[in-house]
Amino acid sequence: MKLRTFGTTGIEVPIIGQGTWPVPDRDALRRGIELGMTHIDTAEMYGDGRSEEVVGEAIAPYPRESLFLVSKVLPSNATRTGVVRACERSLRRLRTAYLDCYLLHWRSDVPLDETMAGLEQLVRDGKIRSLGVSNLDPWDLREAAAALERERIACDQVLYNLGERTPEAHELPWARANGCALVAYTPLARPKRGEKVLDGIAARHKVTPAAVALAFLVRDPVTFAIPKANKLEHVEANAAAADLELDTAEIEAIDAAFPARERTGALPTN
Ligand code: NAP
């Protein structure tokens, strides 16, 4: 499993991790961990905490330091004190003493400086090792970064897949310039039109088209992907993506088959 440094955290993290919504299957998560997908993404929102409970059960047999656990606070809990209380509830459900990264799930009308102050408090208290955001465009990212006193934004988790490549022109440049990781959620969604291209590359490398799609998304040195899989064959196919190196001609073929569109409005979320 290929690792890379997660933003400015200095922590080496598998480039392919595991999503947990809808509520995941405990044994599928464990298979993924055994294959090296130790970056696990969850959120208090997922099943009203049920997803975090299943993750807590799945990770129980593994040394805590072998995992990179991420959860997210709901915007409705993202006040300065609310974020601390929400994190404590997540820690209990996950049965762990700390999170490796804790994210604001999306922006609401709670001022970002309040949320960032709460997240920095959690870092000082040793309850989270790093902080990040999700669904923030560069405009919001700048505001969140400016609100921080000591910490830096470790990641922005965004909708990024072969059908939605607009983060490449917006959030990715911000991430590169600011030592921030870009994490692709819903990474497997894609339009059918370019499938033949993926099939051809997949056959050449003896992997699945899904693995080719994932390898394309993590071709940049700051990107990660967190596919969700309940089926064991899907878990195994996703893990294989981490070791798949696409050559320049293959990247160009995928780029042409799934062209990036211009984004005029807000960062899409579905
Ligand atoms: P996804 O990972 O792109 O797709 C999941 C679907 O793909 C499932 O139906 C799964 O089936 C199937 N699948 C998985 N691996 C496959 C493979 N190798 N070949 C074919 N099909 C495969 O979409 P997602 O679940 O929306 O996103 C992933 C994670 O991102 C979520 O679980 C969540 O943790 C996170 N997320 C974050 C946000 C946010 O706002 N920050 C929003 C959405 C999602 P099986 O389960 O049957 O194997």
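This text walks through a predicted model, from the ligand outward to single residues. Local features are taken at pLDDT of at least 70 and side-chain atom pairs at pLDDT 80 or more, while totals for chains, interfaces and linings use all residues. Residues are numbered from 1 along each chain as its sequence is written, and side-chain values use heavy atoms, with hydrogens and water left out.

The ligand is a convenient place to start. Around the ligand stand 25 residues, of which Asp41, Leu188, Lys228, Asn230 and His234 come nearest; a residue is near a molecule if one of its heavy atoms lies within 4 Å of it. This shell consists of 11 nonpolar, 10 polar and 4 charged residues. In this division Asp, Glu, Lys and Arg are charged, Ala, Val, Leu, Ile, Met, Phe, Trp, Tyr, Cys and Pro are nonpolar, and the others, Gly among them, are polar. Helix 9, residues 232-241, gives the most to the shell, with 3 residues. Helices (H or I, at least four residues) and strands (E, at least two) are DSSP runs, numbered from the N terminus.

Oxygen atoms of the ligand lie close to polar atoms of the protein. An N or O atom in the side chain of Asn135 is 3.0 Å from a ligand oxygen. For Leu188 the partner is a polar backbone atom, 2.8 Å from an oxygen of the ligand. Lys231 also has a backbone N or O atom at 3.0 Å from a ligand oxygen. Taken alone, the ligand exposes 910 Å², and the protein buries 77% of that; these areas come from the Shrake-Rupley method with a 1.4 Å probe, and for residues only the protein chains shown count as cover.

One of the residues nearest the ligand, Asp41, belongs to strand 3, residues 39-41. Is Asp41 buried or exposed? Asp41 counts as buried because its relative accessibility is 2%, where buried means under 20%, exposed over 50%, and partly exposed in between (1.4 Å probe, protein chains only). The side chains of Asp41 and Lys72 are joined by a polar contact of 2.8 Å. Such a contact is a pair of N or O atoms within 3.5 Å; within protein, one must be able to donate a hydrogen and the other to accept it, and residues adjacent in sequence count only if both atoms are side-chain atoms.

Another side-chain polar contact, of 3.2 Å, links Glu168 and Arg219. Glu168 lies in the loop between strand 7 (153-159) and helix 6, and at 17% relative accessible area it is buried.

Cys180 follows helix 6 (171-177), in the loop that leads to strand 8 (181-185). Cys180 is buried, with a relative accessible area of 2%. Its C-alpha is 4.2 Å from that of Gly7, although the two residues are 173 apart in sequence.

Some residues have notable backbone geometry. The peptide bond from Trp21 to Pro22 is cis, with omega near 0°. Pro22 sits in the loop between strand 2 (12-14) and helix 1 (26-34) and is partly exposed at 48%. Thr186, in the loop between strand 8 and helix 7 (195-205), has a positive phi near 45° without being glycine. Lys206 has a positive phi of about 55°, and it is not a glycine either. Lys206 is in the loop between helix 7 and helix 8 and is exposed, with a relative accessible area of 75%.
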